[in-house]
Amino acid sequence: ISIIPLVHLFARATMTKAIPLPALQKSLCAIWGTTPQTTKLMLTRVDDWTHDSFNEDIYVSIRAMGKSDRTRDTVLEGMNRVQEEFLTVADLVANVRLETYQKEHYFHLPPKPTPVSQ
């Protein structure tokens, strides 16, 4: 698996456990075979979320390009490893979701470089 462009983490604002983003990013890069430049972690603190049967500390939403080598079994194995890493590295119970997209349906517009003042 070569590109996992976005990992969005949701945690309750009142949760006091640390969320070590650099350490988790390193773990996710190792799991998915990516680099920090393509594996961006974004943390959003929320006041609350609806309760269901899960007792998670953090909700992990991953978007990845759908490719032929990303079979259901391969993706599920990677997701299990992500869940294990959150528990091992940060003592966080993770609810992991992964969504794939087709390359032709993906668009990205990064900010333009700032001109250098002379």
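Colleague: Happy to look at this one with you! At 1.5 Å a residue, what span should the 12 residues of α1 have?

Modeller: Glad to help, and bear in mind that this is a predicted model. The end C-alpha atoms of α1 are 16 Å apart, which agrees with the expected span for its 12 residues. At 1.5 Å a residue, that expected span is 16 Å.

Colleague: Where does α1 fit in the overall pattern along the sequence?

Modeller: The protein has 2 helices and 4 strands. Read along the sequence, these elements follow the pattern β-α-β-β-α-β.

Colleague: Which elements do the buried residues of α1 pack against?

Modeller: Start with the residues themselves: Leu 24, Ser 27, Leu 28, Cys 29, Ile 31 and Trp 32 are the buried residues of α1. The elements they pack against are β1, β2, β3, α2 and β4.

Colleague: Ser 27 caught my eye in that list. Which residue's side chain does the side chain of Ser 27 contact through polar atoms?

Modeller: Ser 27 is found in helix α1, and it counts as buried because its relative accessibility is 12%, below the 20% cut-off. Leaving aside neighbours within four places in sequence, Ser 27 is in contact with Glu 85 and Val 89. The polar contact, at 2.8 Å, is made with the side chain of Glu 85.

Colleague: Moving on to the other helix, how far does α2 reach from its first C-alpha to its last?

Modeller: Helix α2 covers residues 72-90, which makes 19 residues. At 1.5 Å a residue, its expected span is close to its actual reach, and that reach is 27 Å.

Colleague: Nice and regular, then. How wide an arc do the buried residues of α2 cover around the axis?

Modeller: In α2, the buried residues are Val 75, Gly 78, Met 79, Val 82, Phe 86 and Ala 90. They sit on the same side of α2 because the arc they cover around the axis is only 100°. An α-helix has 3.6 residues a turn, so residues three or four places apart point the same way. For α2, then, the arc of the buried residues is 100°.

Colleague: Which exposed residues are carried on the face turned away from that buried side of α2?

Modeller: The buried side of α2 packs against β1 (6-12), α1 (21-32), β3 (58-65) and β4 (94-101). The face turned away from it carries the exposed residues Asp 73, Glu 77 and Thr 88.

Colleague: Which element gives the most to the largest nonpolar core?

Modeller: That core has 23 residues, and Ile 58, Val 60 and Phe 86 touch the most other members. The elements that give two or more residues to this core are β1, α1, β3, α2 and β4. With 5 residues, the element that gives the most is α2.

Colleague: Let's stay with Ile 58. Which residues of the stretch 92 to 95 does Ile 58 touch?

Modeller: Residues up to four places away in sequence are not counted here. Beyond them, Ile 58 touches residues including Leu 9, Phe 10, Trp 49 and Phe 86. From the stretch you mention, the residues touched are Leu 92, Val 93, Ala 94 and Asn 95.

Colleague: One place earlier there is Asp 57. Which side chain is joined to the side chain of Asp 57 by a polar contact of 2.8 Å?

Modeller: Asp 57 lies in the loop between β2 (40-46) and β3. With a relative accessible area of 17%, Asp 57 is buried. Among the residues it touches are Met 15, Trp 49 and Asp 91. The polar contact of 2.8 Å joins Asp 57 to Lys 17.

Colleague: You mentioned Asp 91. What phi does Asp 91 take?

Modeller: Asp 91 is found in the loop between α2 and β4, and it is partly exposed because its relative accessible area is 48%. Most residues other than glycine have a negative phi. Asp 91 has a positive value instead, near 55°.

Colleague: Back to the end of α1 for a last one. How far apart in space, C-alpha to C-alpha, are Thr 39 and Cys 29?

Modeller: α1 is followed by Gly 33, whose phi is positive, near 70°. Thr 39 lies in the loop between α1 and β2 and is buried, with a relative accessible area of 0%. In sequence, Thr 39 and Cys 29 are 10 residues apart, and their C-alpha separation in space is 6.7 Å.

Terms used. Residues are numbered from 1 along each chain as its sequence is written. This is a predicted model: local features need pLDDT of at least 70, side-chain atom pairs count only at pLDDT 80 or more; totals for chains, interfaces and linings use all residues. Side-chain values use heavy atoms; hydrogens and water are left out. The expected span of a helix is 1.5 Å times one less than its number of residues. Buried means under 20% relative accessible area, exposed over 50%, partly exposed in between (1.4 Å probe, protein chains only). The arc is that of the directions from the helix axis to the C-beta atoms. Contact means heavy atoms within 4.5 Å. A nonpolar core is a set of buried Ala, Val, Leu, Ile, Met, Phe, Trp, Tyr and Cys residues joined through side-chain atoms within 4.5 Å. A polar contact is a pair of N or O atoms within 3.5 Å; within protein, one must be able to donate a hydrogen and the other to accept it, and residues adjacent in sequence count only if both atoms are side-chain atoms.
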